[in-house]
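I opened the coordinates today and kept these notes as I went through them.

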Amino acid sequence: MTASAYKDHLGRPIVAVTGMGIITSLGQGLQDNWNALSSGTSGIHGITRFPTDGLSTRIAGTVDFIDIPAPNAVERSYAFARETTIEALAQAGLSGDFNGPLFLAAPPIEPEWSARFELADRSPPSDHPADAYERFLAAMRERPDPAFHEAALFGAISERLADRFGTRGLPVTLSTACASGVTAIQLGIEAIRQGRTARALTVATDGSLSAEALIRFSLLSALSTQNDPPTKASKPFSKDRDGFVIAEGAATLVLESLESALARGAKILGIMKGAGDKADSFHRTRSSPDGGPAIATIRAALADAGMAETDIGYINAHGTSTPENDKMEYGSMSAVFGDRLPTIPVSSNKSMIGHTLTAAGAVEAVFSLQTMLTGTLPPTINYNNPDPSIILDVVPNKKREKQVGAILSNSFGFGGQNASLVMALEPA
């Protein structure tokens, strides 16, 4: 192949995906997740990790099948990220030190009260509470306890991953709300395009679900209260949707320049064609109702990909199942795709896995790539009461066999953190 075959429309290195790993409430590993998702299986269930008596929401998409010695939010998030990275590197055929940068999307975790008490029990005793903090610092200087920091600081997740997998340089930890997973991928794309690396490890993880998190989102009226049955609660774009279902999960993608990947004989799973992001200063949690920043985000992703609206064959919607967000996303897509929108399949993975928050953008990128690789469009389940103001082909309730060559995946987060990806099977 000529050198130009490895460049995109702007002369930048083409970015390929060579490895993927995933964990959601549907299971561990790409195959189990895809089998469940494509068959319309829900991973939402009643919460057993902590008491929910008196709470208006008692359901979630928790990941309870991985053994974690100290199951606080930091340890859960790290364990999910570790397992998905092991899977992604194995699929990419990479062993030993990764020798590329790490971009991690992780939740900015505040330890829940039970974790704070546990950490307090581990700190040195003091007969004088007033100087307990100074005594603690002195004790830590004398006897450093890395495990203590790892259990308390979400920033330690990336350091542990970097040590485990031999990434290069200072690992980057980021959080842009529900768009975080896409932001991590976008940073990996840019690092390769700018010639700073031949490969990048992009990871997004979220194991922060706790009673406090549930209460905080409930106070924002963001969560579904349709607890019975749990599997029916998440119903994106339906008339009777009442909020999102909080969930956990992680996804890892190995990104490489196409030239480097082909040179080592790697299998190409897909191409990262373009990414776009726009901030929204409308409100601390709400997105702008007119969808202006979301519209600009989609258009920026298409422009970055060098593609037209007519090139998109399927949209993996953000589709949270909240009344306001689904309406805003529909308006945004309508503004970009116009009269063609009702003919484009648009489904929401969150109808089955819930909203994995920080991990969502990367989880849905993995599912988008798998959609193209298999020629199967996953359904939007629980679509039994259509919203007459939202005219979409949501691939209702059952999967559809259809080969598509390019996909748009949206992530529109709290506070207007908007990001979109355009992915394709082939470079051109």
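How much area does the protein chain expose, and what share of it do carbon and sulfur atoms supply? I looked up the surface before anything else, bearing in mind that this is a predicted model, and found that the protein chain exposes about 16900 Å², with 53% of it supplied by carbon and sulfur atoms.

Next I turned to the overall make-up: the protein chain holds 13 helices and 15 strands, and of its 428 residues 59% are buried. I also looked up the contacts with a separation of 6 or more, and 79% of them in the protein chain are accounted for by residues 24 or more positions apart.

I then went to the interior, where the largest nonpolar core has 46 residues, and I noted Ile-185, Leu-253, Leu-255, Met-272 and Leu-421 as those with the most contacts inside it. Helix H13, which spans residues 360-374, gives the most to this core, with seven residues. A second, separate core has 28 residues, Ala-294, Tyr-330, Leu-341 and Ile-344 among them.

I followed Leu-253 further and, leaving out residues up to four places away in sequence, listed its partners, including Val-17, Gly-19, Ile-185, Thr-202, Met-272, Ala-362, Val-366 and Leu-369.

Is Asn-325 buried or exposed? I placed Asn-325 in helix H11, residues 323-337, and recorded that Asn-325 counts as buried because its relative accessible area is 12%, where the cut-off for buried is under 20%. Not counting residues up to four places away in sequence, Asn-325 touches His-318, Thr-320 and Phe-412.

Notes
Residues numbered from 1 in each chain as written. Predicted model: local features only at pLDDT ≥ 70, side-chain atom pairs only at ≥ 80, totals over all residues. Heavy atoms only, no water. Core = buried A, V, L, I, M, F, W, Y, C linked by side-chain atoms within 4.5 Å. Buried < 20%, exposed > 50% of the residue type's maximum accessible area, 1.4 Å probe, protein only. Helix = DSSP H or I, 4+ residues; strand = E, 2+ residues; numbered from the N terminus. Contact = heavy atoms within 4.5 Å. Areas by Shrake-Rupley, 256 points an atom, 1.4 Å probe, with all protein chains shown as cover.
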